[in-house]
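Reader: Got a minute to walk me through this one? I'd like to go from the overall picture down to the packing.
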Amino acid sequence: QALSRVQARIFSQAASKGSWPRFGAMRFYISGKWGFSLIWGYYGSVLPLAVVMAIPNAVATFALCTLNEAEVYTQDADTTNTAWGILGVFSSCMFFVLNFRSRIAYNRWWEGGTLLQQTRGEWFNGFSSLIAFCNPAPDMSKKVEEFQHLLVRLMSMLYCCALQQVSPDRDRPFEILSPDGVDPDSLRMLAITTDKVEVILQWIQRLITLSMQNGVIVVAPPVVTRAYQELSRGIVNLQNAR
């Protein structure tokens with residue numbers, strides 16, 4: 001199947017309206033092969049703010065050290081011990097805060113990645129089940145093929161929009177299967193809606209229901225509910241990841 005970019009086919013209207021990320025939006029990090037772009041990058045980096053905060057402190061430290069070596073003022077033991085005590089307390093608090101925040105951030109990142117993998121697994125199982133539920137009769141082969149082609153395109157669009165929802169760059173293009181065969185008016189409506197995942201999920205559920213009525217899906221309805229459940233569990237995992 002031909003591959004097409006989302007920004008070129010489905011969401012081209014977003015580009016024409018100028019809704020691409022502007023400076024000040026969350027940065028989408030691309031590490032490259034060796035990761036040097038993350039170290040030397042300016043936009044979205046902590047280096048500029050760190051330099052602004054570090055330079056005044058470095059100047060003040062240099063001035064105090066110079067005055068101390070020049071013996072401009074004298075220090076007694078109590079003052080020195082008090083200063084070291086304050087520095088120790090500050091360093092301990094800073095280490096605790098950084099460690100606590102880093103651990104929480106890592107746990108959230110790991111949980112989000114796990115939920116996305118669960119979403120992919122649930123939707124893949126639902127899709128493969130629907131393919132297996134199709135009517136094997138030779139006289140239904142054309143309708144079955146049309147159903148399968150439309151289903152795989154909708155599932156590709158569904159997962160693409162799901163990744164865009166959790167991506168820092170909501171307009172990031174992902175490769176999908178060509179949307180040929182999907183109603184153009186529906187695609188235009190999808191391009192301007194804010195709840196793309198929910199809309200596509202509703203299309204898929206409606207497609208399954210109609211396919212059961214026209215004989216494309218021939219298994220018993222209680223068995224088909226498995227596909228509905230996997231679709232619903234997938235979107236629940238996606239909402240938890242968001």
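Reader: What share of the contacts with a separation of 6 or more comes from residues 24 or more positions apart?
Author: That share is 71% in this protein, where contact means heavy atoms within 4.5 Å.

Reader: And what am I looking at, source-wise?
Author: This is a predicted model, so local features need pLDDT of at least 70 and side-chain atom pairs count only at pLDDT 80 or more, while totals for chains, interfaces and linings use all residues. Residues are numbered from 1 along each chain as its sequence is written, and side-chain values use heavy atoms, with hydrogens and water left out.

Reader: OK. How many helices and strands?
Author: Nine helices and two strands. Helices (H or I, at least four residues) and strands (E, at least two) are DSSP runs, numbered from the N terminus. Along the sequence the pattern reads β-α-α-α-α-α-α-β-α-α-α.

Reader: How much of the protein is buried?
Author: Buried residues are 28% of the 242 residues. Buried means under 20% relative accessible area, exposed over 50%, and partly exposed in between, with a 1.4 Å probe and protein chains only.

Reader: Let's talk about α9. What's its span?
Author: Helix α9 covers residues 221–241, which is 21 residues, and reaches 31 Å from its first C-alpha to its last. That is close to the 30 Å expected at 1.5 Å a residue; the expected span is 1.5 Å times one less than the number of residues.

Reader: Which α9 residues are buried?
Author: Val224, Ala227, Glu230, Leu231, Gly234, Ile235, Asn237 and Leu238. They sit on the same side of α9, because they cover an arc of only 160° around the axis, taking directions from the helix axis to the C-beta atoms. On the other side of α9, Pro222 and Asn240 are exposed.

Reader: Why would spacing like that line up?
Author: An α-helix has 3.6 residues a turn, so residues three or four places apart point the same way.

Reader: What do the buried residues of α9 pack against?
Author: Three helices: α5 (77–132), α6 (141–166) and α8 (196–213).

Reader: Start with α5. What's the geometry with α9?
Author: Their axes come within 8 Å and cross at roughly 160°. Axes are lines fitted to C-alpha atoms, for helices over the stretch in contact, and angles run from 0 to 180 degrees between N-to-C directions. That makes α5 roughly antiparallel to α9; under 35 degrees counts as roughly parallel, over 145 as roughly antiparallel, 65 to 115 as roughly perpendicular and the rest as oblique.

Reader: Any glycine in α5 I should look at?
Author: Gly121 is in α5 and, at 28% relative accessibility, counts as partly exposed. The C-alpha atoms of Gly121 and Glu230 are separated by 8.8 Å, although these residues are 109 apart along the chain.

Reader: And how do α6 and α9 pack?
Author: At an angle of about 20°, with axes 10 Å apart, and therefore roughly parallel to each other. The contact is made by Met155, Ala162, Gln165 and Val166 of α6 with Leu231, Leu238, Gln239 and Ala241 of α9.

Reader: Last one, α8: parallel or antiparallel to α9?
Author: Roughly antiparallel; the axes come within 12 Å and cross at roughly 175°. Several α8 residues meet α9, including Val197, Leu201 and Ile208. Those three are also among the buried residues of α8.

Reader: What comes just after α8?
Author: Gly215, with a positive phi of about 85°.
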